[in-house]
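Trainee: Could we go through this one together? I'd like to know what stands behind the labels.

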Amino acid sequence: MATSTKWIPYGRQDVREEDIAAVVEVLRSDWLTTGPAVPAFEKALAKTVGATDAVAVSSGTAALHAAYASLGIGPGDEVIVPAMTFAATSNAALYLGARPVFADVDPDTLLVDPEDVQRKITARTRVIVAVDYAGQPCDYDALRHVARSHGLPLVADACHALGASFRGQPVGSLADLTAFSFHPVKTITTGEGGMVTTNDPDRARWIRSFRNHGITTDHRERSESGTVSYDMVVLGYNYRLTDFQAALGMSQLTRLDEILAGRCALVALYDRKLAGIPHVRSLRRLPERSHANHLYVVRLDTEALALSREQVLSRLRGAGVGANVHYRPPYLHPYYRDRFATSEGLCPIAEEAARQIVTLPLFPQMAESDVDHVLEALRSLSR
Ligand SMILES: *Cc1c(COP(=O)(O)O)cnc(C)c1O
């Protein structure tokens, strides 16, 4: 019998008093939006990831939309995305009228398979999108090679991977454009929020305009130069991040190393203690990378357990473990099935994995006793 009815969510924000103070300070200032906190946060994040430019936006999804739009993607174009990702990665292509084409993943890491990306390239392909699934950087050397040999840009959906690196180079400076998310379950949070990083100042300028209705100057710039007129040059959106959100992000960013170290220590505990549990294995970790440990995903031998994954989820959740699934391939959602007539068989490795994976709770304030509770619930599955 479980003695604890405590609920352990799969992820949770870590907001401290100093974060709250930083937000309150902005709330008392002159600028709630388009003020100085946004560029300060952008500059700090660009520095963290080794990029020359960073543009803050209102979500990770807006970051992907802006990144794809800045490449001029439109109707008739194909965007190659991994099959193992959140729907936002492919939805952002749909916003532009483009068609997402799904590439399969490696069965041990669930990272996109560069050879399948290569196979999915057609004359209509306009961009390749990488996803650093669970926080582990994908094979950027191979992906850049495939992209370059076809003259295609590489976009990274690094919504899981702030603080990760590949061969010593931080995620955020490995692709032509990189998208980050600051949703509360992600590495750092602004409530809702996102960022695009790039080393291309022209593209950064374009995205700055795109997030502000396609207007060339923002409110503060006009106020400072004493003018009220402006030009709208592209069809943009209101994708701005507020200054109090930027202040929260900035404050969180100063603790990034601490947050990553906390996640890393919990993963080491999971890895060590999971080793003795039958029918459950964790994903493979590759060399030459530092992992952001956004998600702790295990793969179940559902046959040996004689339980479906849905039964496993309900048993774990019944024991207070907020287990989750990341992800069902986007093309198996009803919208995609209806619109593109997609079905099972498109990316068999991702589909098989999607039936067997479970995401276990992982967030910096978890105690060792929480990890033990999760593992006890897993152990009891085979009894
Ligand atoms: C969270 C996430 C997004 C979307 O980010 P939001 O900030 O929630 O819009 C996109 N892609 C991946 C892989 C994500 O995990």
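Trainee: What makes the backbone oxygen of Pro 287 and the side chain of Arg 289 a polar contact?

Mentor: The backbone oxygen of Pro 287 lies 3.0 Å from a polar atom of the Arg 289 side chain. A polar contact is a pair of N or O atoms within 3.5 Å; within protein, one must be able to donate a hydrogen and the other to accept it, and residues adjacent in sequence count only if both atoms are side-chain atoms. So 3.0 Å makes the cut. The Arg 289 side chain also has a polar atom 2.7 Å from the backbone oxygen of Pro 137.

Before we go on: this is a predicted model, where local features need pLDDT of at least 70, side-chain atom pairs count only at pLDDT 80 or more, and totals for chains, interfaces and linings use all residues. Residues are numbered from 1 along each chain as its sequence is written, and side-chain values use heavy atoms, with hydrogens and water left out.

Trainee: Why does Arg 289 have no salt bridge?

Mentor: A salt bridge needs a side-chain nitrogen of Lys or Arg within 4 Å of a carboxyl oxygen of Asp or Glu. For Arg 289, the nearest side chain of opposite charge (Lys and Arg count as positive, Asp and Glu as negative; His and the chain ends are not counted) is Asp 139, 4.6 Å away. That misses the cut-off, so no salt bridge is called. Asp 139 is still among the residues in contact with Arg 289 (heavy atoms within 4.5 Å).

Trainee: Why is Thr 190 called buried?

Mentor: Buried means under 20% relative accessible area, exposed over 50%, partly exposed in between (1.4 Å probe, protein chains only). Thr 190 comes in at 2%, so it counts as buried. Thr 190 sits in the loop between β8 (177-181) and β9 (194-198), and its contacts beyond four places in sequence include Phe 41, Phe 182 and Leu 241. A polar atom of the Thr 190 side chain is also 2.8 Å from the backbone oxygen of Glu 192.

Trainee: Which side chains put a polar atom by an oxygen atom of the ligand?

Mentor: His 160 does, at 2.8 Å, and Lys 186 does, at 3.0 Å. On its own the ligand exposes 380 Å², and the protein buries 92% of that. Asp 157 has a side-chain N or O atom 2.8 Å from a nitrogen atom of the ligand.

Trainee: Which element gives the largest share of the shell around the ligand?

Mentor: That's α3, with 3 residues.

Key: Accessible areas come from the Shrake-Rupley method with a 1.4 Å probe; for residues, only the protein chains shown count as cover. Helices (H or I, at least four residues) and strands (E, at least two) are DSSP runs, numbered from the N terminus.
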